[in-house]
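Hello,

Here is the structure I promised to pass on to you. Please open it beside this email, and then read on for what turned up in it.

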Amino acid sequence: MKKIISEVKGNPLFENIGEDEILYLLSCLTAKKNVYSKDNYILMAGNNITDIGIIISGSANIIKEDFWGNRAIISKISKGDMFGEALSCAGVSKSNVSVVACEKTEILFINYKKIIITCSKSCSFHNRLIENMIKILAEKDVMLTQKIEHLVKRTTREKLLSYLSSQAISHNSNSFEIPFNRQELADYLSVDRSAMSNELCKLRDEGVIEFRKSHFVLK
């Protein structure tokens, strides 16, 4: 349990909560840890939602698949990120998205209802936990709003420039790494991979960008 504390103490969910208090909370919240191999489903669409997941190590994609198996990436999550909290908060009984490991990934699962309902002791640090959860939900809403800003662009080129611009702003630099490979980026922006690759090459030839794999430089 002490190893888990060292892994989660910097997580936004446990912000301003001491290690001894985290130890107590993890026991109170019936936390449990699982390990998943690359490409394994951590959560499948249609599964019941009772827990939120916190990534201890590794990374995963939150995806939406249609009837024919076409995949769209909603977001990529890595160490310290969470999933399942919005669905749990909304009272959704079954997940409408899947979570797939991009590499060997460790997940800490916590019962959501035990987060939002304080025990009889009403500990002050449990109240901070609830405040932290509200803040995380608000930040997720902002993130999804930003993604919508990319998707409403009419062309693949406009979507790419919108996304790359936002990445440059968030990194506070015109040189940055994105968290996606080419296929993942196409799935994230809901565009055809070949068409996207062609646009990237055109933007490079026009001197608008430079790139090598996942590293981009905006001119």
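A definition to begin with: a residue is called buried when its relative accessible area is under 20%, exposed when that area is over 50%, and partly exposed in between. Lysine 76 has a relative accessible area of 27%, so lysine 76 counts as partly exposed. Please keep in mind that this is a predicted model.

**The whole protein**

The protein has 8 helices and 11 strands. Its C-alpha atoms fill a box of roughly 65 × 40 × 30 Å along the principal axes. Of the 219 residues, 40% are buried. The protein exposes about 12,000 Å², and carbon and sulfur atoms supply 52% of that area. Among contacts with a separation of 6 or more, 71% are between residues 24 or more positions apart.

**The nonpolar cores**

As a general point, nonpolar side chains tend to be buried together in soluble globular proteins. Here the largest nonpolar core has 23 residues, and the members that touch the most other members are Leu13, Phe14 and Ile110. Two or more residues of this core come from each of α1 (2-8), α2 (19-28), β3 (51-57), β8 (105-111), α4 (112-116) and α5 (124-151). The most comes from α5, which gives 4 residues.

Leucine 13 is a good place to start looking. Leaving aside residues up to four places away in sequence, the residues that leucine 13 touches include Ile52, Ile54, Met82, Ile110 and Leu129. There is also a second, separate core of 21 residues, with Leu160, Leu164, Ala168 and Val191 among them.

**Phenylalanine 216 and arginine 182**

Next, go to strand β11 (residues 215-218), where you will find phenylalanine 216. Is phenylalanine 216 buried or exposed? Its relative accessible area is 0%, so phenylalanine 216 is buried. Its contacts beyond four places in sequence include Leu164, Phe176, Ile178, Arg182 and Leu200. For a sense of distance, phenylalanine 216 and lysine 114 are 102 residues apart in sequence, and their C-alpha atoms are 43 Å apart in space.

One of the contacts of phenylalanine 216 is arginine 182, which lies in helix α7 (residues 182-189). Arginine 182 is buried yet has no salt bridge. How far away is the nearest side chain of opposite charge? That side chain belongs to glutamate 177, and the distance is 8.8 Å. Again leaving aside residues up to four places away, arginine 182 touches Arg193, Met196, Leu200, Phe211, Lys213 and Phe216.

**Charges and salt bridges**

Side chains of opposite charge can pair when their charged atoms come close. The protein has 30 positive and 26 negative charges, and the mean positions of the two sets are 3 Å apart. The count of salt bridges comes to 12. Here are three pairs to look up:

- Glutamate 21 and arginine 128 meet through their side chains in a salt bridge, at 3.1 Å from N to O. Glutamate 21 is in helix α2 and arginine 128 in helix α5, so to speak of distant parts of the chain is fair: the two are 107 residues apart. Glutamate 21 is partly exposed at 23% relative accessibility, and arginine 128 is partly exposed at 24%.
- Lysine 32 forms a salt bridge with aspartate 51, with the closest N and O atoms 2.8 Å apart. Lysine 32 is in strand β1 (residues 32-36) and aspartate 51 in strand β3, so this pair ties together parts that are 19 residues apart in sequence. Lysine 32 is partly exposed, with a relative accessible area of 41%, whereas aspartate 51 counts as buried at 17%.
- Glutamate 184 and lysine 76 have side chains that meet in a salt bridge, at 3.6 Å from N to O. This pair links distant parts of the chain, with glutamate 184 in helix α7 and lysine 76 in strand β5 (residues 71-78), 108 residues apart. Glutamate 184 is buried, with a relative accessible area of 9%, while lysine 76, the residue you met at the start, is partly exposed at 27%.

Finally, look for Arg157, Glu199, Lys202 and Glu206, which are linked in a network of salt bridges.

Enjoy exploring!

Best wishes

Note on methods:
Residues are numbered from 1 along each chain as its sequence is written. This is a predicted model: local features need pLDDT of at least 70, side-chain atom pairs count only at pLDDT 80 or more; totals for chains, interfaces and linings use all residues. Side-chain values use heavy atoms; hydrogens and water are left out. Buried means under 20% relative accessible area, exposed over 50%, partly exposed in between (1.4 Å probe, protein chains only). Contact means heavy atoms within 4.5 Å. A nonpolar core is a set of buried Ala, Val, Leu, Ile, Met, Phe, Trp, Tyr and Cys residues joined through side-chain atoms within 4.5 Å. Lys and Arg count as positive and Asp and Glu as negative; His and the chain ends are not counted. A salt bridge is a side-chain nitrogen of Lys or Arg within 4 Å of a carboxyl oxygen of Asp or Glu. Accessible areas come from the Shrake-Rupley method with a 1.4 Å probe; for residues, only the protein chains shown count as cover. The place of a charge is taken as NZ of Lys, CZ of Arg, CG of Asp or CD of Glu.
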